[in-house]
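Colleague: I'd like to learn how to read the ligand site and the empty spaces in a model like this one. Could you walk me through them?

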Amino acid sequence: MRRIFSGIQPTGSLHLGNYFGAVRNWVQLQDQVPECIYCVVDYHAITGGIEPGELARRTRQLAGDLVACGIDPSRSILFVQSHVPEHTELAWVLSAFAAYGDLSRMTQFKDKAERSKHISAGLFTYPVLQAADILLYLADGVPVGDDQSQHLEFTRGIARRFNQLIGVEYFPDVATLLSDGKRIMSLADPDSKMSKSLGDKHYIGLLEPASAVAKKIRSAVTDIGGEATATVSPGVANLLDLLHLCGAADKADELTASALAGELRYGDLKLVVAEQVNALLEPIRERRAQLSDAEVVDILRSGAQRARDIAAATMTRVRGLIGVGPEAL
Ligand code: TYM
């Protein structure tokens with residue numbers, strides 16, 4: 001793997017699902033992959049509605065949170081999607097290669113459309129912009145949570161169709177890089193994935209105070225909900241997963257054994273999970289408190305410059321391949 005790309009929407013605070021599903025993997029991959037490119041995708045965020053004045057603040061906030069998690073601007077390119085206009089340019093080109101039928105089958109679109117009053121065309125073509133994000137950098141791999149697998153399959157499809165119709169093997173076949181925490185569930189509804197859109201009690205924000213984290217874990221649903229895995233309920237399984245992901249595997253195994261023996265006291269489990277999660281989050285909160293807005297804006301400015309060098313080269317080639325732009329005449 002030579003170059004990876006991934007993105008995250010500035011739609012709210014970073015939560016444990018984002019962290020275990022994607023961001024922690026982004027941090028670790030910095031030691032393994034020569035070029036890591038990470039993007040705050042503000043143009044994706046506007047497909048779900050626009051709150052004037054809020055988006056820029058959230059974009060800056062999220063970028064700072066990513067740095068606090070360990071994204072290192074001296075080793076990775078960290079930037080904002082709208083600062084590199086080639087993303088939307090390539091999205092338009094790729095939309096000509098995308099099939100309406102494929103877009104209609106996207107489960108994220110169907111889920112979001114069900115919950116929206118105004119279903120924007122942007123929400124429908126969202127995966128085309130995502131494919132453009134990735135292919136613009138000719139990335140070999142994309143570290144994401146499981147909910148993005150279908151969008152990545154779609155990206156591979158568009159790349160193949162482009163290569164086939166243009167007759168050049170230009171865009172690479174992108175690998176989906178899933179982490180151990182590829183699907184973290186909601187605390188209040190362990191049959192749904194943890195997400196910002198479900199509401200406050202469903203997720204744990206990375207920067208929430210320790211007492212709020214402990215309170216949310218204390219109120220996590222343990223008994224009811226969905227089909228049990230073996231004899232452990234989905235809520236308990238999710239808490240045990242969190243424990244594993246926090247690096248407390250021995251403790252998790254011990255508690256799993258007592259759960260299977262019917263001897264687990266949920267209060268004990270929740271106490272241990274809260275301790276471990278807070279121990280993991282404490283250094284992130286500390287680093288975040290030390291980062292100023294000006295530092296974050298600086299990081300994003302130089303990130304956009306570096307991203308743009310790569311993006312501009314790809315777009316020059318793509319324009320040439322399809323016969324548009326002044327050089328094609
Ligand atoms: P977004 O902003 O919803 O989420 C960012 C990342 O967090 C992962 N994730 C989860 N992983 C495990 N369990 C969960 N409960 C959970 N919730 C979120 C997501 O899988 C994702 O990796 N469409 C993308 C953003 C995007 C993108 C891209 C990603 C735009 N362009 C190009 C990769 C490459 C999204 O909405 O992610």
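**Reading the ligand site and the spaces**

Modeller: Gladly. Start with the residues around the ligand: there are 28, and Y126, D133, G145, D147 and I184 come nearest. Please keep in mind that this is a predicted model.

Colleague: Which polar atoms lie 2.7 Å and 2.4 Å from the ligand?

Modeller: Look for nitrogen and oxygen atoms, and note whether each belongs to a side chain or to the backbone. D133 places a polar side-chain atom 2.7 Å from a ligand nitrogen, while D147 has a polar side-chain atom 2.4 Å from a ligand oxygen. With I184 the backbone takes part: one of its polar atoms is 2.8 Å from a nitrogen of the ligand.

Colleague: How much of the ligand's accessible area does the protein cover?

Modeller: Compare the ligand on its own with the ligand in place. Alone, the ligand has 710 Å² of accessible area, and the protein covers 96% of that. Two or more residues of the shell come from each of β1 (3-8), α1 (16-29), α7 and β4 (141-144). By class, the shell has 12 polar, 10 nonpolar and 6 charged residues.

Colleague: Now the pockets. What is the volume of the second largest pocket, and which residues are closest to its centre?

Modeller: For a pocket, take the volume, then the lining. The volume here is about 330 Å³. The lining has 14 residues, with A91, G122, T125, Y126 and L129 closest to the centre. Helix α7 (121-135) contributes the most, 5 residues, and α4 (86-95) also supplies at least two. In the lining, 9 residues are nonpolar and 5 are polar, with no charged ones.

Colleague: How many cavities of 30 Å³ or more does the search find?

Modeller: The search of the whole structure gives 1. The space inside the largest cavity is about 60 Å³. M106, Q108, F109, K112, L123, Y126, P127 and H151 form its lining; α6 (107-115) and α7 each give at least two of the lining residues. The classes are 5 nonpolar, 2 polar and 1 charged. Notice Y126: this residue is among those nearest the ligand, among those closest to the centre of the second largest pocket, and part of the cavity lining.

Colleague: And H151: is this residue buried or exposed?

Modeller: Here you compare relative accessibility with a cut-off. H151 counts as buried because its relative accessibility is 2%, and buried means under 20%. H151 sits in helix α8 (residues 149-166), and its side chain makes a polar contact of 3.0 Å with the side chain of Q148.

How values were computed. Residues are numbered from 1 along each chain as its sequence is written. This is a predicted model: local features need pLDDT of at least 70, side-chain atom pairs count only at pLDDT 80 or more; totals for chains, interfaces and linings use all residues. Side-chain values use heavy atoms; hydrogens and water are left out. On a 1 Å grid over the protein atoms alone, a cavity is a set of points where a 1.4 Å probe fits but cannot get out, and a pocket is an open set with protein on both sides within 12 Å along at least five of seven lines; lining residues have an atom within 4 Å of a point. Grid points are joined across faces, edges and corners, and a volume is the space filled by probe spheres set on the points. Helices (H or I, at least four residues) and strands (E, at least two) are DSSP runs, numbered from the N terminus. Ala, Val, Leu, Ile, Met, Phe, Trp, Tyr, Cys and Pro count as nonpolar, Asp, Glu, Lys and Arg as charged, and the others, Gly among them, as polar. A residue is near a molecule or strand if one of its heavy atoms lies within 4 Å of it. A polar contact is a pair of N or O atoms within 3.5 Å; within protein, one must be able to donate a hydrogen and the other to accept it, and residues adjacent in sequence count only if both atoms are side-chain atoms. Accessible areas come from the Shrake-Rupley method with a 1.4 Å probe; for residues, only the protein chains shown count as cover. Buried means under 20% relative accessible area, exposed over 50%, partly exposed in between (1.4 Å probe, protein chains only).
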